[in-house]
Amino acid sequence: MQVQPDRFLEDLHKLRSFGASGVGKGVVRPAFSEPDVAARAWLVNRLEAAGLAPHVDPAGNVFGLADGPSILLGSHSDTQPEGGWLDGALGVIAALEVARAAKEAGGPPVSVVNFQDEEGRFGALTGSSIYSGKTTLAEADAFTDVAGVSFGSARSSMAHLAGGVVPHTRFSGFIEMHIEQGSTLDESGEAIGVVTDIVGSRQLQVTLTGQQNHAGTTLMHQRNDAFQALSAFNTALNDRLRNIVTPRTVWTIGRVHLQPNAPSIVPGEVMFDVQWRDVDDDRLARMETLIRDIVGGVADEHGMTAEIVPIKALQPVPMDATLREALCAGAEAQASGKWREMPSGALHDASNMAGLMPSAMVFVPSINGISHDFAEDTNEADLVTGLRVLADAVSRLS
């Protein structure tokens with residue numbers, strides 16, 4: 001199997017042209033947007049030209065099917081509202097090139113998939129969640145974006161291309177190539193990361209309610225200030241998690257609503273989300289116990305009432321040992337001494353696919369660890385190394 005880097009890079013840059021932002025290499029291609037549908041129609045033609053049978057399922061997932069049983073490679077091509085050119089797209093075009101090279105070499109059979117709405121316009125990992133059976137199409141159709149558009153309405157833009165569901169039994173496994181979206185490989189000067197696990201995550205929505213009051217006349221000792229309670233919670237959280245977490249455990253308060261959010265009013269209520277991620281499910285559970293305890297303590301100390309609503313809980317997902325072994329062997333052959341095994345701190349379609357078939361992932365570096373931003377980029381030499389590792393692993397698995 002001889003991959004062709006120039007052909008691979010040409011297709012990757014062509015895909016970037018669908019929804020190009022005009023700022024650097026940035027791309028604006030949300031799921032089912034006009035650029036997204038156009039990109040998927042273009043991919044259908046490229047798959048057909050590569051000798052694969054193109055197929056679009058009801059969720060908008062695009063497949064390029066080899067004859068008979070095959071390994072499945074791919075990722076997604078939809079982007080964040082302000083996204084980079086490689087997040088997801090790299091895995092789709094790398095899959096296309098490996099499948100094309102395999103076809104030209106007379107085997108092994110390789111199929112390609114481009115999942116829909118991985119980035120969460122309607123819900124996280126929507127296309128692969130539907131394909132893997134975690135979400136029904138009917139359930140997904142009711143999902144809405146921030147503008148109130150439903151998934152069911154949006155997917156009608158591809159209805160003329162859609163057929164039935166591809167049986168997962170025709171695939172022996174799934175491998176997803178992706179940019180790291182973090183700084184580990186870039187900082188270490190390494191070219192490849194073979195993923196051991198995809199982290200699990202938990203999220204709680206917390207509401208602390210005190211007393212709204214006049215900011216000038218309410219003395220400090222008289223206040224039941226919701227923001228002060230939030231500040232105390234954050235300080236306690238960072239301090240008390242030290243004895244539980246590892247250097248790769250992360251936690252975030254990324255959304256805060258303060259009521260009434262006015263400069264001359266002591267805020268009476270704050271609603272915020274706490275999310276945390278780790279590869280160990282027991283650690284995730286211990287963190288939740290601690291977080292709930294801190295909320296209760298802060299509420300008592302500041303004269304607040306507290307409400308806690310679980311938002312989501314995703315289990316950590318280990319990658320398949322056989323596929324990992326092939327990727328490790330490929331990494332050593334193509335980037336000897338410049339690769340590592342590592343967990344993924346971000347969620348990916350492979351986490352859904354792992355419940356359906358053996359699944360694995362391989363990373364290439366992200367320059368300065370930047371992703372979900374127009375500045376996202378990777379050196380083209382590293383992109384080609386990742387392509388060669390993927391092709392090497394597929395050859396070994398055959």
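Asp300 counts as exposed, because its relative accessibility is 66% and a residue is called exposed when that value is over 50%. The model in which this residue is seen is a predicted one. Asp300 belongs to helix α9, which covers residues 281–301. Although Asp300 and Ala229 stand 71 residues apart in sequence, their C-alpha atoms are 9.8 Å apart in space.

**Two pairs of packed helices**

Two packed helices are described by the angle between their axes and the distance between the axes. The table gives these values for two pairs.

| Helix pair | Angle between axes | Distance between axes |
|---|---|---|
| α10 (residues 321–334) and α12 (residues 380–397) | about 130 degrees | 8 Å |
| α1 (residues 5–16) and α3 (residues 89–105) | roughly 145 degrees | within 10 Å |

Helices α10 and α12 pack at an angle of about 130 degrees, and α10 is therefore described as oblique to α12. The crossing of these two helices is right-handed. On the side of α10, the residues that take part include Thr322, Leu323, Ala326 and Gln334, and they meet a group in α12 that includes Thr385, Arg388, Val389 and Asp392. Sorted by class, the contact of α10 with α12 contains nine nonpolar, four polar and three charged residues.

Helix α1 also passes α3 in a right-handed crossing. From α1, the contact is made by Arg7, Phe8, Asp11, Leu12 and Leu15, while α3 contributes residues including Ala89, Leu90, Ile93 and Glu97. By class, the contact of α1 with α3 has nine nonpolar residues and five charged ones, but no polar residues.

**The nonpolar cores**

Which residues touch the most other members of the largest nonpolar core? Within this core of 67 residues, they are Phe8, Leu12, Leu73, Leu90, Ile192 and Leu383. Helix α3 supplies the largest share of the core, namely eleven residues. Phe8 and Leu12, which are listed here, are also among the residues of α1 in the contact with α3, and Leu90 of α3 likewise appears both in that contact and in the list for the core.

Ile192, another residue in that list, can be followed further through its own neighbours. Leaving aside residues up to four places away in sequence, Ile192 touches, among others, Leu185, Ala331, Trp339, Val362, Phe363, Thr385 and Val389. Of these neighbours, Ala331 is one of the residues of α10 that meet α12, and Thr385 and Val389 are among the residues on the α12 side. Apart from the largest core lies another, made of 23 residues, among them Val206, Leu237, Leu241 and Phe272.

Conventions
Residues are numbered from 1 along each chain as its sequence is written. This is a predicted model: local features need pLDDT of at least 70, side-chain atom pairs count only at pLDDT 80 or more; totals for chains, interfaces and linings use all residues. Side-chain values use heavy atoms; hydrogens and water are left out. Axes are lines fitted to C-alpha atoms, for helices over the stretch in contact, and angles run from 0 to 180 degrees between N-to-C directions. Helices (H or I, at least four residues) and strands (E, at least two) are DSSP runs, numbered from the N terminus. Angles under 35 degrees count as roughly parallel, over 145 as roughly antiparallel, 65 to 115 as roughly perpendicular and the rest as oblique. A crossing is left-handed if the near helix is turned anticlockwise from the far one by less than a right angle, and right-handed if clockwise. Contact means heavy atoms within 4.5 Å. Ala, Val, Leu, Ile, Met, Phe, Trp, Tyr, Cys and Pro count as nonpolar, Asp, Glu, Lys and Arg as charged, and the others, Gly among them, as polar. A nonpolar core is a set of buried Ala, Val, Leu, Ile, Met, Phe, Trp, Tyr and Cys residues joined through side-chain atoms within 4.5 Å. Buried means under 20% relative accessible area, exposed over 50%, partly exposed in between (1.4 Å probe, protein chains only).
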